[in-house]
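Let's take a walk through this fold, one piece at a time. Have the viewer open and turn things around as you read.

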Amino acid sequence: MGVAPAGCETDPVPERPHRGDQPTRLTYLDHAATTPLRPAARDAMLPWLGERFGNPSGDHRVARAARQAVDEARDGVADVVGCRPGDVVFTSGGTEADNMAVRGVHAARPGPVLCSAIEHDAVRNPVALVGGTTVAVDTRGVLDLDALDAALTPDLTLLALMSANNEVGVVQPVAEAVELVRRRAPAAAVHTDAVQAAGWLDLRATIAGVDLVAVSSHKVGGPQGVGALIARPGTPLRPLLLGGGQERELRSGTHNVAGIVGMAAALRAAAAERNAQRSRVGALRDRLAEGLLAAIPDAVRTGGGGAPRLPGTLHLCIPGVESEALLFLLDEVGVCASAASACASGAHQASHVLAAMGIGPEVGAGALRLSLGWTSTDADVDHALRVIPAAVDLLRGAEDRRPEPAEAPRA
Ligand code: PLP
């Protein structure tokens, strides 16, 4: 990440020493994994990490102040996503929100559950746990609506379809899927994981049609470890966690006040600059894509094929290189990227998303996800265009083009 664009001030990421004392410019292209904390979020959080430390469930003035902060944050989240404050259930993040949607609805109303074949593991694993099945996507990475139509049964309990995919960034036809479900399985609930979409798409239209929505703070510039499940009134839902009965008995546990306040501030900031960032970051991403495809002509841009993609995501499959080796070399020269979704072990497994799109393991072995975000700059794209083709050449055996670390900016 280079110099922050006007209106997006952030602390510079410290430069990393490289090859002796030579500093390396840091180019962060992994915003889909997590994006830097927005100043507005940090400023909103600070008092709640210091002198304002109350437990919102208490009765005295310190507790009441914390409760008021959580209530105001709830209003803020509801305003941005377009629901009633009472529909917002604060959670520990997107994973918990997705688990709660799938397992909570299934516990309240057992029955068949469906999800797309490209859901994040936070949806896929709970769907598997309750005996659910997946619906195919096409080679663009878009849900196959005919396959959904064929899979729908009147006793369906839940369909989970993400708003946009975390690996290839392809936006999913949520409204069309909802329409099919309402017609063919009117009693079913529809959940959308909007964790990746929340920073880029106006969720109001999505939320108007579905019953449950998962969002995560750290993908929009809020702190890690906090998120929300939006649950429309009347949706059958049981809690995952039992305890003190917070969040209207739906999510027990003392509130993460600073995190909740930070998430609301981040969502507000992201919404305020959404249109400007969509075109600014989209243009950067397009320049990166064109440059890389020109320099590495046999690289394949994954997904999309006319279907809309998130503006920040570029996914490529590069023949003749192993993702892990490429990521290692890129890290050496200060470019942070990823192969697919981040996973706790750091181990790269074959991507179920690419497999669902019909991309075989040989092609998928060279997967590279470059995800830009609110702090991305032209200098990031320039740096990436300098070092990625050289790293690919190096891995393919052309030693003479070993990527050189870019000079660190002086300011
Ligand atoms: N869903 C999607 C689509 C994601 O990309 C992620 C995180 O990568 C999650 C869910 C999990 O969110 P969290 O990291 O807040 O648990």
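What follows goes from the main sheet to its helices, then to a second group of strands and a few local details. Keep in mind that this is a predicted model.

Start with the sheet. Seven strands make it up, and it is open, with the order S4-S10-S9-S8-S7-S5-S6 and mixed pairing. At the edges you'll find strand S4 (88-91) and strand S6 (133-135); each has a single partner strand, so one side of each has no neighbour in the sheet. On average, neighbouring strands here are turned by 20° against each other, if you ignore direction.

For a closer look at one pairing, go to S8 and strand S9 (residues 212-216). These two run parallel and are joined over three bridges. Asp 193 is the residue that stands opposite Ala 214 in S9.

Now add the helices. Helix H3 (residues 94-108) packs on this sheet, where it touches S4, strand S5 (113-116), S7, S8, S9 and S10. Its direction makes about 160° with that of S9. Helix H2 (residues 61-81) lies across S4 and strand S10 (227-231), and it runs at about 115° to S4.

Helix H6 (residues 174-184) is a nice one to colour by accessibility. Its buried residues are Val 174, Ala 177, Val 178, Leu 180 and Val 181. Why do they end up on the same side of H6? Because they cover an arc of only 165° around the axis. Flip to the other side of H6 and you meet Ala 175 and Arg 183, which are exposed. What do the buried residues of H6 pack against? Their partners are helix H5 (145-151), strand S7 (158-160), strand S8 (189-193) and helix H7 (203-209).

Next, move along to strand S12 (residues 313-317). Five of its five residues are buried, so S12 is largely enclosed by the rest of the structure. Both of its faces are covered: Thr 313, His 315 and Cys 317 are buried on one side, and Leu 314 and Leu 316 are buried on the other.

Which strands does S12 pair with? One is strand S11 (residues 300-301), antiparallel to S12 over two bridges; there, Arg 301 has Leu 316 of S12 as its bridge partner. Another is strand S14 (residues 367-371), which also runs antiparallel to S12 and is joined to it by five bridges. In that pairing, Leu 314 stands opposite Leu 370 in S14.

On to the aromatic rings. Counting pairs of rings with centres within 6.5 Å gives zero aromatic pairs. There is a charge over a ring, though: the charged end of Arg 38 sits over the ring of Trp 374, at 4.8 Å from its centre.

Last stop: backbone angles. Most residues other than glycine have a negative phi. Glu 247 has a positive one, near 55°, and Glu 249 is also positive, at about 70°. Where are they? Glu 247 lies in the loop between S10 and helix H8 (257-272), and Glu 249 has its place in the loop between S10 and H8 too. Are their side chains buried or exposed? At 5% relative accessibility, Glu 247 counts as buried, whereas Glu 249, at 57%, counts as exposed.

Key: Residues are numbered from 1 along each chain as its sequence is written. This is a predicted model: local features need pLDDT of at least 70, side-chain atom pairs count only at pLDDT 80 or more; totals for chains, interfaces and linings use all residues. Side-chain values use heavy atoms; hydrogens and water are left out. Buried means under 20% relative accessible area, exposed over 50%, partly exposed in between (1.4 Å probe, protein chains only). Helices (H or I, at least four residues) and strands (E, at least two) are DSSP runs, numbered from the N terminus. The arc is that of the directions from the helix axis to the C-beta atoms. Contact means heavy atoms within 4.5 Å. Two strands pair if DSSP finds at least two bridges between them. Axes are lines fitted to C-alpha atoms, for helices over the stretch in contact, and angles run from 0 to 180 degrees between N-to-C directions. Rings of Phe, Tyr and Trp (its six-membered ring) pair if their centres lie within 6.5 Å; planes under 30 degrees apart count as stacked, over 60 as edge-to-face and the rest as tilted. A charge sits over a ring if NZ of Lys or CZ of Arg is within 6 Å of the ring centre and within 35 degrees of the ring normal.
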